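Here is a short briefing to keep beside you while you turn the structure around on screen. It goes topic by topic, so feel free to pause and find each residue as you read.

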Amino acid sequence: MSRSSQRLFLALWPDPRLRTVLHTYAQQLQSVFGGRTVAKDNIHLTLVFIGSLSSDRIDGLRKIIGSLRAQRFELDLVRAGCWKRSQIGWLAPERVPASLNVLVSQLRNSLSDARILFDDKPFIPHVTLIRKAKCKSKADLPGIRLGWSVHRFSLVHARTLSTGPVYETIDEWPMK
Ligand code: 3AM
């Protein structure tokens with residue numbers, strides 16, 4: 001990737017208190033699935049993965065996204081699981097709030113209008129807590145019921161250092 005482009009994604013970023021609870025739960029999941037826990041500061045829910053975008057297009061992207069109106073919602077993270085193919089241990093809501101689906105549709109439409117490419121696989125909201133997981137089909141998972149009041153979303157720059165991924169928030173927007 002050239003230095004004049006950045007690897008980007010849009011995400012929901014939990015506040016520090018919630019990140020701490022999620023990270024503690026990640027350690028419990030790790031005792032079942034092995035693998036490595038996602039660093040506490042890196043825990044998030046991806047809305048749209050954009051990938052590499054030329055740096056000179058980022059201000060335009062921020063303007064477009066900043067013009068959207070999104071509604072706050074409550075996310076109940078109650079379902080834990082593991083995907084064999086991606087080796088990911090995750091936490092997810094039982095029910096996807098309509099406002100979350102609307103937000104993702106708005107973001108995808110805005111990106112399409114601006115001719116910005118993104119990963120258009122079906123949206124399956126989840127918080128990745130474990131990577132390189134050894135998934136078991138009959139795992140007895142520790143229970144959890146976590147309420148997340150979502151009132152902002154973020155544009156994030158992803159970098160990979162020798163020590164692992166580093167995520168830097170470029171901009172964030174409140175929800176009404
Ligand atoms: O939050 P999760 O783990 O679901 O897997 C990457 C992570 O998602 C995903 O973007 C998030 C932040 O890195 N990601 C990374 N490369 C990707 C790609 N090429 C990707 N998603 C889709 N396509």
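What follows covers the ligand shell, one helix, two strand groups and two buried residues.

Please keep in mind that this is a predicted model. A good place to start is the ligand, which has Phe9, Thr46, Phe49, Gly51, Asp119, Thr128 and Ala158 around it. From there you can move on to helix α3, which spans residues 98–113, and to strand β5, made up of residues 88–93.

**Around the ligand**

- The shell around the ligand consists of 3 nonpolar residues, 3 polar ones and 1 charged one.
- Strand β3 (residues 45–54) is the element that gives the most to this shell, supplying 3 residues.
- Ala158, one of the shell residues, sits in β8, where it stands opposite Arg7.

**Helix α3**

- With 16 residues, α3 covers 22 Å from its first C-alpha to its last, close to the 22 Å expected at 1.5 Å a residue.
- Four leucines of α3 are buried: Leu100, Leu103, Leu107 and Leu111.
- Looking down the axis of α3, you will find its buried residues within an arc of 65 degrees, so they line one face of the helix.
- The general rule behind such a pattern is that an α-helix has 3.6 residues a turn, so residues three or four places apart point the same way.
- On the face of α3 turned away from the buried side are the exposed residues Ala98, Ser105, Asn109, Ser112 and Asp113.
- The partners that the buried residues of α3 pack against are β1 (5–12), β3, α2 (58–66), β4 (73–83) and β8 (152–161).
- Just after α3 comes Arg115, with a positive phi of about 55 degrees.

**Leu100, a buried residue of α3**

- Leu100 belongs to helix α3, and it counts as buried because 23 other C-beta atoms lie within 10 Å, where 20 or more are needed.
- Leaving out residues up to four places away in sequence, Leu100 touches Phe73 and Pro125.
- Leu100 and Pro125 lie 25 residues apart in sequence, yet their C-alpha atoms are 8.9 Å apart in space.

**Strands β1, β8 and β9**

- β1 pairs with β8 in the antiparallel sense, over 5 bridges.
- On its way to β9 (residues 164–174), β8 forms a hairpin with 2 residues between the strands, and the two pair antiparallel over 10 bridges.
- Within that pairing, Val156 has Thr169 in β9 as its bridge partner.

**Strand β5 and its neighbours**

- Of the 6 residues of β5, 5 are buried, so the strand is largely enclosed by the rest of the structure.
- β4 and β5 pair in the antiparallel sense over 6 bridges, and Ala80 stands opposite Leu91 in β5.
- The hairpin of β4 and β5 has 4 residues between its strands, and Gln87 there takes a positive phi near 55 degrees.
- β5 also runs antiparallel to strand β6 (residues 127–131), joined by 4 bridges, with Ile88 bridged to Arg131 in β6.

**Gly89, a buried residue of β5**

- Gly89 lies in β5 and is buried, with 31 other C-beta atoms within 10 Å.
- Apart from neighbours within four places in sequence, Gly89 contacts Leu29, Phe33, Gly35, Cys82, Leu129, Ile130 and Ala133.
- Gly89 and Thr37 are 52 residues apart along the chain, and 8.9 Å separates their C-alpha atoms.

Notes. Residues numbered from 1 in each chain as written. Predicted model: local features only at pLDDT ≥ 70, side-chain atom pairs only at ≥ 80, totals over all residues. Near = placed C-beta within 6 Å. Nonpolar A, V, L, I, M, F, W, Y, C, P; charged D, E, K, R; others polar. Expected span 1.5 Å × (residues − 1). Buried ≥ 20, exposed ≤ 12 C-beta atoms within 10 Å, placed from the backbone. Arc of directions from axis to C-beta. Contact = placed C-beta atoms within 7 Å. Pairing = 2+ DSSP bridges.
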